[in-house]
Structure formats: structure tokens, C-alpha cells
Amino acid sequence: MILIIRDRATKEQLDEMLQMWGVFIKIAVDIEREILAGGSERHYECEQELLKDGSKQKDLWGADWCPYTQEIVFESIINIRPSQNNRTMIVESPIIRERITIITKRLLGEL
């Protein structure tokens, strides 16, 4: 189930998003609006939900959130963006990685 998270997620919301993969959550993070969508099988499904909600493509980045270790894996096919100087699936910009980290930990971090 894909949820858009605008405020700190509840335990119930985390459990819902974990249903797909069990140990991690695929997320798309809007680094401008400081929200995220999570819980899908693929990152682009989260991305689509945020686009429908008013996000701009250039602000969306994909990652995986591991709630048990509190770690983020900055890799997704939606991150391949030559026009934004990101030519691989991994988020290459340290500034964007830091924004993703801050937003994700604020919204999904330990309760």
C-alpha cells in the first residue's frame, strides 16, 4: 500500500508500508515539499503518487528506507537524470542525499 507521508509516520503506517518487502520500504522523496511516498513494489509507483499530489519531477528522488537499521540506500532507476547531472541510479549529489536523509529520518525515523 502506497502512503503519502506529510507528518511523522505512525507505527501502523510503517507496518502498512513494510507489507510489500518486509525489511525495507521503497520511497520517493520530494525534497522541496519535504514529504515522501512509500510502500510500493517499485519506486516509480511512489513517484507517480507524489506527481498526482502536486510534486514536480525534478524534486523527486528514489531510495530504500530500512527501519530496523535506520539506513537509507540511495539507489533507484528514477534517479537517472542526465539533465540534473545524475547519470546513475545512485543519488550522486551530497546535498540531495543530505536532504533525502533529513526528510526521511524526520518522517520515518524511530518512534
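Here are some short exercises, each with a worked solution, on the predicted model shown above.

**Exercise 1. Find the largest nonpolar core and work out which elements build it.**

Step 1. Start with the core itself: the largest nonpolar core holds 22 residues. Those with the most contacts inside it are Ile5, Ile27, Ile100 and Leu108.

Step 2. Now look at the elements that give two or more residues to this core. They are strand 1 (3-5), helix 1 (11-18), strand 2 (25-30), strand 4 (60-66) and helix 3 (94-108).

Step 3. Rank the contributors: helix 3 gives the most, with five residues.

Step 4. Apart from this core lies another one, of seven residues. Ile35, Cys46, Leu50 and Ile78 are among them.

**Exercise 2. List the contacts of Leu108, leaving aside its neighbours within four places in sequence.**

Step 1. Select Leu108, and set aside those sequence neighbours.

Step 2. Read off what remains: Leu108 is in contact with Ile5, Arg8, Ala9, Leu14, Met17, Ile27, Leu36 and Trp65.

Step 3. Compare with Exercise 1: Ile5 and Ile27, like Leu108, were named there for having the most contacts inside the largest core.

**Exercise 3. Which residues of helix 1 are buried, and what do they pack against?**

Step 1. The buried residues of helix 1 are Leu14, Met17 and Leu18.

Step 2. These residues cover an arc of only 100° around the axis, so they sit on the same side of helix 1.

Step 3. Look across from them: the buried residues of helix 1 pack against strand 1, strand 2, strand 3 (35-38) and helix 3.

**Exercise 4. Trace the salt bridges of Asp53 with Arg6 and with Arg33.**

Step 1. Asp53 meets Arg6 through their side chains in a salt bridge of 2.8 Å, N to O.

Step 2. Place the two residues: Asp53 is in the loop between helix 2 (43-52) and strand 4, while Arg6 is in the loop between strand 1 and helix 1, so this pair ties together parts 47 residues apart in sequence.

Step 3. Asp53 also meets Arg33 in a salt bridge, here at 2.7 Å, N to O. This pair links distant parts of the chain, 20 residues apart, with Arg33 in the loop between strand 2 and strand 3.

Step 4. Check exposure. Partly exposed means between 20% and 50% relative accessible area. Asp53, at 27%, is therefore partly exposed. Arg6 is partly exposed at 40%, and Arg33 is too, at 33%.

**Exercise 5. How far apart are the closest N and O atoms of Glu45 and Arg42, and which residues are joined into one salt-bridge network?**

Step 1. Glu45 forms a salt bridge with Arg42, and their closest N and O atoms are 3.5 Å apart.

Step 2. Salt bridges that share partners join Glu32, Glu34, Arg99 and Arg106 into one network.

Step 3. For the full tally, the whole structure has 11 salt bridges.

**Exercise 6. Identify the residues that form a nonpolar patch on the surface, and locate Met89.**

Step 1. The patch is formed by Ile77, Ile80 and Met89, which together have about 260 Å² of accessible area.

Step 2. Met89 lies in the loop between strand 5 (71-73) and helix 3.

Step 3. With a relative accessible area of 31%, Met89 is partly exposed.

Key
Residues are numbered from 1 along each chain as its sequence is written. This is a predicted model: local features need pLDDT of at least 70, side-chain atom pairs count only at pLDDT 80 or more; totals for chains, interfaces and linings use all residues. Side-chain values use heavy atoms; hydrogens and water are left out. A nonpolar core is a set of buried Ala, Val, Leu, Ile, Met, Phe, Trp, Tyr and Cys residues joined through side-chain atoms within 4.5 Å. Buried means under 20% relative accessible area, exposed over 50%, partly exposed in between (1.4 Å probe, protein chains only). Helices (H or I, at least four residues) and strands (E, at least two) are DSSP runs, numbered from the N terminus. Contact means heavy atoms within 4.5 Å. Patches are made of residues with over 30% relative accessible area and no salt bridge: like charges are joined within 9 Å, nonpolar side chains (Val, Leu, Ile, Met, Phe, Trp, Tyr) within 5 Å. Accessible areas come from the Shrake-Rupley method with a 1.4 Å probe; for residues, only the protein chains shown count as cover. A salt bridge is a side-chain nitrogen of Lys or Arg within 4 Å of a carboxyl oxygen of Asp or Glu. The arc is that of the directions from the helix axis to the C-beta atoms.
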